[in-house]
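Colleague: Could you take a close look at one part of this model for me? Start with a single residue, then work outwards to the spaces and rings elsewhere in the chain.

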Amino acid sequence: MSSTVTITQAPAITAENVLRLFPEVNTTLIGGAHNSATQDNDMAGYDEEQIRLMDEVCIVLDEDDIPIGSASKKVCHLMENIDQGLLHRAFSVFLFDSKNRLLLQQRASEKITFPDMWTNTCCSHPLGIPGETGVGLDASVAGVRRAAVRKLDHELGIKASQVPIDDFRFLTRIHYKSASDGKWGEHEIDYILFIKADVDLDPSPNEVQDTRYVSQEDLKAMFGDKSLKFTPWFKLICESMLYEWWNHLDSGLEKYMGEKEIRRML
């Protein structure tokens, strides 16, 4: 006797489907009302500051990176929502020093998603606030650059004067989905930003437990160390284009910049 297995496919990520499936999504990008995670029983046991950050407002997208509205960071990172297609905008900063070493961070144990994992310099989200939203590639890149300056200060204590907005080089966008555990995960269109700068670090211990500058050889050795864990988006970027981009950091990077197509890594 043969059996039939039914595979349920998530609906297409369109504005119509997202707004039907997720009543928590507010069609207002800036200033919309959202329920607070600080009063949510689901957040019991997590770090108080990290719970507060779950109230930040992320930009909800369709699959073509067009904003639909906004939702709390908590709503955007629940796997039950991700598995139904909820998608948001993010960025990943790769900061290199004058020796072309890449600055890595190890995420704090207090982080709700992907705690204790090594990753690129800074990974976060542009928010539904003035200056960080955007429709169309140029406006969206401008928004994530401003968000990058904000988060480099918040996480690593890097002052805005050391990372001028115009020095961030936008390469491409990746669309990926990864589970952190059974409850939380990521589903993002992630803007990849490179910047070369010598900076002073003053990491927030609630965000970052360690930092390290690495050469390409150092990074490959870290990946060979089975005791270390890495964020899935960082591994995806490293396994695809990072080393090629890195080789052209001082000459020829222009040919990789401003890519208009979204790289689907699902």
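**H125 and its surroundings**

Modeller: H125 sits in the loop that runs between β6 and α5. Keep in mind that this is a predicted model. The loop position does not put H125 on the surface. Its relative accessibility is 4%, so H125 counts as buried, the limit being under 20%.

Take its side chain next. H125 makes a polar contact of 3.3 Å with the side chain of H88. A polar contact of 3.1 Å joins the side chain of H125 to that of E188. Both partners also appear in the wider contact list, which leaves out neighbours within four places in sequence. That list holds C58, K73, H77, H88, R89, A90, F91, E132, A147, R150, E186 and E188. As a check on distance, take D166. It is 41 residues from H125 in sequence, and the two C-alpha atoms are 19 Å apart.

Now the space beside H125. The model has one cavity of 30 Å³ or more. This cavity has a volume of about 210 Å³. Its lining comprises 23 residues. Those nearest the cavity centre are K73, R107, T113, H125 and E186. Two of these, K73 and E186, are also contacts of H125. Several elements supply at least two lining residues each: α2 (48-53), α3 (73-77), β3, β6 (122-124), α5 (137-156) and β8. By class, the lining has nine charged, eight nonpolar and six polar residues.

The pockets are a separate matter. The largest pocket holds about 240 Å³ of space. It has 13 lining residues, and A10, P11, I13, K177 and H187 lie nearest its centre. Six lining residues are nonpolar, four are polar and three are charged. The second largest pocket has about 200 Å³. Its lining is E24, A33, H34, N35, S36, A37, D40, S72, K74, V75, L78 and N81. By class, that gives five polar, four nonpolar and three charged residues.

Strands β3 and β8 both help line the cavity. They come up again with the aromatic rings. The model has 13 aromatic pairs. One of them is F94 with F194: the centres are 5.6 Å apart, the planes are at 45 degrees, and the pair is tilted. F94 belongs to strand β3 (residues 88-96) and F194 to strand β8 (residues 185-196). The two are 100 residues apart, so this pair links distant parts of the chain. F94 has a relative accessible area of 0% and is buried. F194 is likewise buried, at 0% relative accessibility.

F223 and F230 make another pair. Their ring centres lie 4.3 Å apart and their planes meet at 35 degrees, so this pair is tilted. Here the accessibility differs. F223 is partly exposed, with a relative accessible area of 24%. F230 counts as buried, at 9%. Both pairs belong to a cluster linked by ring pairs: F94, F96, F194, F223, F230, F234, Y243, W245 and W246.

Q216 touches that cluster. Leaving aside neighbours within four places in sequence, Q216 is in contact with Y243, W246 and N247. Y243 and W246 are cluster members. Q216 lies in helix α6 (residues 216-223). At 13% relative accessibility, Q216 is buried.

One last residue, R173. It is found in strand β7 (residues 169-179). R173 carries a charged side chain, yet it counts as buried, at 8% relative accessibility. Its side chain makes a polar contact of 2.9 Å with the side chain of D65. Neighbours within four places aside, the contacts of R173 are D65, L137, I189, D190, Y191, K260, E261, I262 and R263.

To return to the start: H125 is buried, makes side-chain polar contacts with H88 and E188, and is one of the residues nearest the centre of the largest cavity.

Terms used. Residues numbered from 1 in each chain as written. Predicted model: local features only at pLDDT ≥ 70, side-chain atom pairs only at ≥ 80, totals over all residues. Heavy atoms only, no water. Helix = DSSP H or I, 4+ residues; strand = E, 2+ residues; numbered from the N terminus. Buried < 20%, exposed > 50% of the residue type's maximum accessible area, 1.4 Å probe, protein only. Polar contact = N/O pair within 3.5 Å; in protein donor to acceptor, adjacent residues only side chain to side chain. Contact = heavy atoms within 4.5 Å. 1 Å grid on protein atoms, 1.4 Å probe; cavity = no way out; pocket = protein on both sides within 12 Å on 5 of 7 lines; lining within 4 Å. Points joined across faces, edges and corners; volume = space filled by probe spheres on them. Phe/Tyr/Trp six-rings, centres within 6.5 Å; stacked < 30°, edge-to-face > 60°.
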